[in-house]
Amino acid sequence: MEIRKIRFTRHTNETGSLAFLESVRDIPFSIKRVYYIFDVAKGAHRGFHAHKKLQQVLICIRGSCKALVDDGVELNDPTEGLYVGNAVWREMFEFSSGAVLLVLASEYFDESDYIRDYKEFLSYVREGGK
Ligand code: TYD
């Protein structure tokens, strides 16, 4: 199980800010897919799954939210990403109003890569799935 924060380069001047990231150089995989979560209902939780193979980087590009990957990591900085390796159970919650959570993914969408049942996830990890 691997989780770590990644800091992106930021350029700020009097007209505004820009942050950038490059596949493989800043992100520890080749990005195959990008999606984003927005308009999250107040108090709603998202996620509740792990992935067999997929790795992701979560970036809250506007507002803030929390990701429960081990003990609840706050994401509130658009120049910071949270790398979530495979075989990590995740939940996202406490989305601030207007928050947008951008996700960079190492794989194309594949429903068979999801483990949506927590008990099944525990046995997957116990049986050495990584
Ligand atoms: P899901 O991953 O369950 O959302 P969350 O983890 O944020 O609660 O995805 C919701 C639905 O969208 C589900 O039916 C699968 C579909 N989906 C795609 O078709 N492609 C994608 O890239 C993603 C992330 C989801």
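**A surface patch, a ligand shell and a set of salt bridges**

Val34, Tyr36 and Phe38 come together on the surface as a nonpolar patch, and their combined accessible area is about 320 Å². Tyr36 has its place in strand 4, which covers residues 33–37. The model described here is a predicted one, and a good way into it is to stay with strand 4 for a moment and turn to the ligand.

Strand 4 is one of the contributors to the ligand's surroundings: this strand and strand 5 (46–51) each provide at least two residues of the shell. The residues around the ligand are Arg33, Tyr35, Ile37, Arg46, Gly47, His49, Phe109, Tyr114 and Arg116. By character, the shell splits into four nonpolar, two polar and three charged residues. Several polar atoms approach the ligand's oxygen atoms. In the side chain of Arg33, an N or O atom is 2.4 Å from a ligand oxygen, while for the side chain of Arg116 the corresponding distance is 2.9 Å. Gly47 takes part through its backbone, where a polar atom is 3.1 Å from an oxygen of the ligand. Taken alone, the ligand would expose 530 Å², of which the protein buries 61%.

Among the shell residues, His49 deserves a closer look. This histidine belongs to strand 5. Is His49 buried or exposed? Its relative accessibility is 8%, and since buried means under 20%, His49 counts as buried. The side chain of His49 also has polar partners within the protein. One is the backbone oxygen of Gly47, reached at 3.1 Å; another is the side chain of His51, joined to that of His49 by a polar contact of 3.3 Å.

Attention now moves to helix 1, which spans residues 118–126. Its N-terminal end is capped by Asp117, with a side-chain oxygen 3.2 Å from the backbone nitrogen of Lys119. Just after the helix comes Gly128, which adopts a positive phi of about 95 degrees.

Charged pairs are the next theme. Side chains of opposite charge can pair when their charged atoms come close. How many salt bridges does the structure hold? The count is nine. One of them joins Glu2 and Arg4, whose closest N and O atoms are 2.9 Å apart. Both partners are partly exposed: Glu2 has a relative accessibility of 38%, and Arg4 has a relative accessible area of 37%.

A further salt bridge brings together the side chains of Glu80 and Lys5, at 3.0 Å from N to O. This pair links distant parts of the chain, as Glu80 sits in strand 9 (residues 80–84) and Lys5 in strand 1 (residues 3–7), 75 residues apart. Here the two ends differ in their surroundings: Glu80 is buried, at 11% relative accessible area, whereas Lys5 is partly exposed at 40%. Both residues also belong to a network of salt bridges that links Lys5, Arg7, Asp77 and Glu80.

The salt bridge between the side chains of Lys53 and Glu107 has an N to O distance of 3.7 Å. Lys53 lies in the loop between strand 5 and strand 6 (56–62), and Glu107 in the loop between strand 11 (100–105) and strand 12 (114–115), so this pair ties together parts that are 54 residues apart in sequence. Lys53 is exposed, with a relative accessible area of 53%, while Glu107 is buried, with 19%.

Note on methods
Residues are numbered from 1 along each chain as its sequence is written. This is a predicted model: local features need pLDDT of at least 70, side-chain atom pairs count only at pLDDT 80 or more; totals for chains, interfaces and linings use all residues. Side-chain values use heavy atoms; hydrogens and water are left out. Patches are made of residues with over 30% relative accessible area and no salt bridge: like charges are joined within 9 Å, nonpolar side chains (Val, Leu, Ile, Met, Phe, Trp, Tyr) within 5 Å. Accessible areas come from the Shrake-Rupley method with a 1.4 Å probe; for residues, only the protein chains shown count as cover. A salt bridge is a side-chain nitrogen of Lys or Arg within 4 Å of a carboxyl oxygen of Asp or Glu. Helices (H or I, at least four residues) and strands (E, at least two) are DSSP runs, numbered from the N terminus. A residue is near a molecule or strand if one of its heavy atoms lies within 4 Å of it. A polar contact is a pair of N or O atoms within 3.5 Å; within protein, one must be able to donate a hydrogen and the other to accept it, and residues adjacent in sequence count only if both atoms are side-chain atoms. Ala, Val, Leu, Ile, Met, Phe, Trp, Tyr, Cys and Pro count as nonpolar, Asp, Glu, Lys and Arg as charged, and the others, Gly among them, as polar. Buried means under 20% relative accessible area, exposed over 50%, partly exposed in between (1.4 Å probe, protein chains only).
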